[in-house]
Amino acid sequence: MLKGLRQRNQANAQASRTSITRRALLLGGAQVAVVAALGLRMRHMQLERADEFRMLADGNSIKIRLIPPARGLIYDRNGLLLAGNEQNYRVTMTREDAEDVPGELAALRRLIPMTDEEAAALLEEIDRRPANAPITLADRLSWEQFCSVSINTPALPGITPEVGLSRHYPHGADFAHVLGYVGPVSDYDLSKLENPDPLLRIPRFQLGKSGIEAKLEDELRGKAGQRRVEVNSAGREMRELSRREGDPGVALQLTLDARLQNFAMQRLAGESAATVVMDVTNGDIMAIASAPSFDPNLFVRGISGADYSALMENDHRPLADKTVQGVYPPGSTFKLVTLLAALEAGVIGPEETVYCPGYVTVGGRRFNCWKHSGHGRVNSVYSLEQSCDSYYYEVSQRVGIEAIAAMAKRLGIGVKHDLPMSAVAEGNAPTKDWKLKRYGKDWLIGDTINASIGQGYVLASPLQLAVMASRVASGRAIAPRLVRARDGVEVPAPEAPALDIDPRHLAVARRGMWAVVNGSHGTAGGSKVVAEEWLMAGKTGTSQVRSAVVNNKVVPWIQRDHALFICFAPYEAPKYAVSLIVEHGGGGSAAAAPIARDILLFALAGGLPPLSAYPSAQRETVKTRFEALDLIDPAQFAAPTRGRA
């Protein structure tokens, strides 16, 4: 028994020694494997990737840089570039990568010109911005300056020369108000956005500030690309690891005709004026010009104090877009509204007459007609032809202000039209409730009389007057539009249903407008068109800017009446409508109608109209005027494309 126990103990000891040996072998093998793996890894790092890790050991890091996209191009309806992009050489600094910011800025000043004031402002901005945010130190460098900085970048840690794109407007002032302009993103711009696009934090990134550039900013901006770059401890880029280009902004084709716009601006030269040309068949705005204008490129580059002061101090207000922002008493052009309201309400018939002795007395107050001797018996057509005030004083009392206001809105006045332009005005088609809410006063019969001839509380913009002329001419609820295509895809024109106005009454209004230009006593007879295929219909207007009636020739310019004219042609098959205002121009027949006629004929002819379209006595004068113009060369036109400029 003792022998058996001894044998079992020996067997157990042998098994234990065998188990320990196996564990040791397994553990030893694992250790050898780990050591071998570490050895191989060390060999890979120390031999095969030695250069890479040596650079990282020197303080290199990988950073993500956004690539600004090319801003979307803007073309006119025929393919002429209105807003493009040009190369811009600039220099930026990132504070966290710089060693001695003041010293490096001083060194940079030895390479490119910079005033003490500019340098001080840059130092202040660098201190204010996050350390990892690049700051633009200088842009629009010459090629020589850019090369000089590039060569010296090893000695300028944190300073990076860059090539970017900057907005450019090749036609300058012609499209300044409608296109607007871009400018560097400001702290104020960022404060208005809840979650700003990271692109907007790129130094001197350009953001739409006004006009189409601002209203369609999201479309035009595009989407950022991305670069992964390796930079060393001095902040200098060592290499680009990867790159993904962004998407350029949408290419827009507008409804505008650049040649017509250019002609309109030249015809308005010297005046404080505005004009709108609309295609009455689809609402396309062919031209929308406000004069005087300004060069939007000045704002892109950063306008000087002297240039800005000159614009602000100009009494003709070049920065104001008079086409959509300016609202004026429409004067006698508004008589179309009053007439149609009265005809629709049945308070007067087309052939019914009103006697005009030269004035109307209401409530002991005398309201004068512009012709003090009176017009005698006047019907609807003759009331427009001669612009008889007394006729409208009478019919407005019969129909009332509510019906007049409703008709005004039906024709587009007192309505804010949906256009991608800055500060589009609503105008005003006043009612009794409006006056009570605005002034806390009751409506008076005198208010209705004043409103009947486009004075008093009535206000309209040139855009609204063009819409009114288009709707009267076409009989449809034409809506204005500016964008014709996006990236080559046509934008359908909005549907224009028939106006809720008896076509017979619209025909009366059109006959009256024809008589204004072509009748024997028409107020715009001096601006008629003699070409049978382009006969024009129109309506003059003069809006007072002061209560006292004084000869415009004996008062300062700022106190003179505004001159207005609306028209359309051809009379039998209307194609285009024009509205035009000359601020403080005096009478509409003398100051506004001749300019509007030239612009309308240019639209119809597709270029300078033939002299045969004008009365023979005016042809020499017109010829001289046309010879002095400097019009856009049609050779500049090309098909619009999508992509970078």
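In this predicted model, Thr 255 has a relative accessibility of 0% and therefore counts as buried, the limit being under 20%. The residue is found in the loop that runs between strand 10 (252–254) and helix 10 (258–267). Its side chain reaches the backbone oxygen of Ile 285 at 2.7 Å. When residues up to four places away in sequence are not counted, Thr 255 touches Arg 77, Asp 284, Ile 285, Met 286, Arg 481, Leu 482, Val 483 and Arg 484.

Strand 12 (285–291) belongs to an open sheet. This sheet contains 5 strands in the order 12-11-21-20-19, and the pairing is antiparallel. Strand 12 and strand 19 (537–543) stand at the edges; each has a single partner strand, so one side of each is left without a neighbour in the sheet. On average, and with direction ignored, neighbouring strands of the sheet are turned by 5° against each other.

Within the sheet, strand 11 (residues 273–279) and strand 21 (residues 576–582) run antiparallel and are joined by 7 bridges. In this pairing, Asp 279 stands opposite Tyr 576 of strand 21. Helix 21 (residues 588–605) packs on the sheet, where it touches strand 11, strand 19, strand 20 (562–569) and strand 21. The direction of helix 21 makes about 30° with that of strand 20.

Aromatic side chains were examined next. With ring centres required to lie within 6.5 Å, the count comes to 18 aromatic pairs. One of these is formed by Trp 443 and Tyr 457, whose rings are 5.9 Å apart centre to centre, with 45° between the planes, a tilted arrangement. Trp 443 lies in the loop between helix 17 (432–439) and helix 18 (445–452), whereas Tyr 457 lies in the loop between helix 18 and helix 19 (462–474); the pair therefore ties together parts that are 14 residues apart in sequence. The two partners fall into separate accessibility classes: Trp 443 counts as buried at 13% relative accessibility, while Tyr 457, with a relative accessible area of 24%, is partly exposed.

Ring pairs also link Tyr 181, Phe 294, Phe 299 and Tyr 308 into a cluster. A contact between a charged group and a ring involves Arg 366, which lies over the face of Tyr 359 at 3.7 Å from the ring centre.

How values were computed: Residues are numbered from 1 along each chain as its sequence is written. This is a predicted model: local features need pLDDT of at least 70, side-chain atom pairs count only at pLDDT 80 or more; totals for chains, interfaces and linings use all residues. Side-chain values use heavy atoms; hydrogens and water are left out. Rings of Phe, Tyr and Trp (its six-membered ring) pair if their centres lie within 6.5 Å; planes under 30 degrees apart count as stacked, over 60 as edge-to-face and the rest as tilted. Helices (H or I, at least four residues) and strands (E, at least two) are DSSP runs, numbered from the N terminus. Buried means under 20% relative accessible area, exposed over 50%, partly exposed in between (1.4 Å probe, protein chains only). A charge sits over a ring if NZ of Lys or CZ of Arg is within 6 Å of the ring centre and within 35 degrees of the ring normal. Two strands pair if DSSP finds at least two bridges between them. Axes are lines fitted to C-alpha atoms, for helices over the stretch in contact, and angles run from 0 to 180 degrees between N-to-C directions. Contact means heavy atoms within 4.5 Å. A polar contact is a pair of N or O atoms within 3.5 Å; within protein, one must be able to donate a hydrogen and the other to accept it, and residues adjacent in sequence count only if both atoms are side-chain atoms.
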